[in-house]
Amino acid sequence: GQPLEPRRLSLKPVPKPPNMEAFLSEALVKLKKQARGYLAPELCFQAVRAATELPFADGVRKERELFNVLLTSGQAQALQYAFFAERAVQKWTTPHGASWQNASPQPIHKVAVIGLGTMGRGIVTSLVKANIPVVALEQNLEYLNTGRKAVMLLLEREAMKMEQGAQTLDFHNPARLQFTVDFDALRDVDLVIEAVFENMPLKKEIFQKLSRICKPAALLCTNTSALNIDEIASATSRPQQVVGTHFFSPAHVMRLLEIIYGHRTSPTAIATAVQLAKALKKVGVVVGNCFGFVGNRMMFPYIEQAVFLLEEGSRPEAVDQVLEDFGFKIGPFRMSDLAGLDVGWRSRKGQGLTGASVPPGTPARQWHGRRYSPLPDLLCENGRFGQKTGKGWYQYEKAGGRTAKPDPWLHNILTQYRDTHRIKTRFIDQEEILERCLFSLINEGFGILAEGIASGPEHLD
């Protein structure tokens, strides 16, 4: 029998905590750091702030104004596009007429992962989290034990995260996760993911072995980031079963999975890899076979421009800052340090771009008539491989450290390098940094589309 009016929340006075101003400004700093470049979180913050300062009706009006700003923004359109693009890539096609409509996947009950380096560990973790039984294989006991420790550490971290969401992760059960040095343990698996380092003879040797040991229907996948899928498949008696599954580092975190079909990969093999991506809660994108596929092929010119900017007078921290302020989660140099500089170095040596195989008299900054920068090679020759060694484009508190600090050593090397090659330094503004890095990404994307390596712009994006 009481009147309802006094219970209406909108009519109640808003309590004013004493330290509101300090609290809000602190929250804004945190938010700007977490969501760099994003409009929406900042406008949400403004709406909350308005609720603390204005009467209810004015607060709601303010919220509506902010919402309308977002509704018509370029960012809203881009986010909607990204949402639909992720769904569009599930509808894959190849130039040979295979597609998601006419190919059906094989069931996957058990998977093997070969190699427990950085990538292998992340892949094993992803599979265990997806409840798929895994056999993890290394070449000897020493590597196996190091790998096992690292995997268990990753899984314990993941288990803690999942427990907060009231889920459990069973990874101590040998039926779910088995570590071995014996190839015979792979006889009954449905799918193998090879994740050894980028070395073609080594990969071919492993695939030759796999095609002898694995059951005929088993799918043979390679986590190569750039090598030719057809050449790897040529080492097997079943090239139709070979497919590239390129995970991105760190593999248990990154949602992208590049699925690469070779000249003879069967539609069933592609469909099975797509199904695996779905089971791992990853976005599987089907692309064709070329050097670097799509992800890394677009990265090459992007990082190349970033390095050219250093030659001309910029610094790693300046380039990263511009791209991170624009909205990239991580700039090109911090990203290179995280992934490891030795990976690209090994690849460049293999291509004969650097090292002893370069013919004498070759100008240092030219290769096949194109501009080339030996700066990344110089870092690797000095044992600077990024976070893993505690030094790369930046310095870190220790090997494996995460906090990137500008490195005076690098600044000195840049000065020496410019003097040696008589490069006149100049001031490079933010706009030039952004455009040169971004446009090189975009232009390479157009090249990939033109060659039919990707079947639509959504796949690239």
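Does Asn-131 belong among the buried or the exposed residues, that is, what does Asn-131 count as at 54% relative accessibility? In this predicted model, Asn-131 counts as exposed, because its relative accessibility of 54% lies on the exposed side of the cut-off, which is set at over 50%. The residue sits in the loop between α5 (118-129) and β2 (134-137), and its backbone has a positive phi of about 65 degrees although Asn-131 is not a glycine. Most residues other than glycine have a negative phi, and most peptide bonds are trans.

With that residue as a starting point, the chain as a whole can be described. Its secondary structure comes to 17 helices and ten strands, and its C-alpha atoms fill a box of roughly 80 × 65 × 45 Å along the principal axes. Of the 461 residues, 44% count as buried, and among contacts between residues at least 6 apart in sequence, 67% join residues at least 24 apart. The accessible surface comes to about 24900 Å², of which 57% belongs to carbon and sulfur atoms. As for charge, the chain has 55 positive and 47 negative side chains, and the centres of these two sets lie 3 Å apart.

The backbone holds further points to inspect. Arg-422 has a positive phi of about 50 degrees and is not a glycine; this residue lies in the loop between α15 and α16, where it counts as exposed at 76% relative accessibility. The peptide bond from Ser-249 to Pro-250 is cis, with omega near -10 degrees, and Pro-250 lies in the loop between β6 (242-247) and β7 (256-261).

The loop between α15 (408-420) and α16 also holds Phe-427, which is exposed with a relative accessible area of 73%. The C-alpha atom of Phe-427 is separated by 46 Å from that of Leu-54, the two residues being 373 apart along the chain. In helix α16 (residues 430-450) the reader finds Phe-446, an exposed residue with a relative accessible area of 55%. Together with Phe-439 and Ile-442, Phe-446 forms a nonpolar patch on the surface, and the accessible area of these residues together is about 320 Å².

Salt bridges, of which the structure holds 27, provide another route through the fold. One of them joins the side chains of Asp-188 and Lys-110, at 3.2 Å from N to O. This pair links distant parts of the chain, 78 residues apart, with Asp-188 in the loop between β3 (177-180) and β4 (191-194) and Lys-110 in the loop between α4 (74-88) and β1 (111-114). Asp-188 counts as partly exposed at 43% relative accessibility, and Lys-110 is partly exposed with a relative accessible area of 22%.

Helix α16 comes into view again with Glu-444, whose side chain meets that of Arg-297 in a salt bridge of 2.8 Å, N to O. Here too distant parts of the chain are linked, since Glu-444 in helix α16 and Arg-297 in helix α10 (residues 295-312) are 147 residues apart. Glu-444 is partly exposed, with a relative accessible area of 22%, whereas Arg-297 counts as buried at 11%.

A further salt bridge, at 2.7 Å from N to O, joins Arg-426 and Glu-432. Salt bridges that share partners join these two residues with Glu-311, Glu-312, Arg-365, Arg-371 and Arg-436 into one network.

Notes:
Residues numbered from 1 in each chain as written. Predicted model: local features only at pLDDT ≥ 70, side-chain atom pairs only at ≥ 80, totals over all residues. Heavy atoms only, no water. Helix = DSSP H or I, 4+ residues; strand = E, 2+ residues; numbered from the N terminus. Buried < 20%, exposed > 50% of the residue type's maximum accessible area, 1.4 Å probe, protein only. Contact = heavy atoms within 4.5 Å. Areas by Shrake-Rupley, 256 points an atom, 1.4 Å probe, with all protein chains shown as cover. Lys, Arg positive; Asp, Glu negative; His and termini not counted. Charge placed at Lys NZ, Arg CZ, Asp CG, Glu CD. Patch = residues over 30% accessible without salt bridge, like charges linked within 9 Å, V, L, I, M, F, W, Y side chains within 5 Å. Salt bridge = Lys/Arg side-chain N within 4 Å of Asp/Glu carboxyl O.
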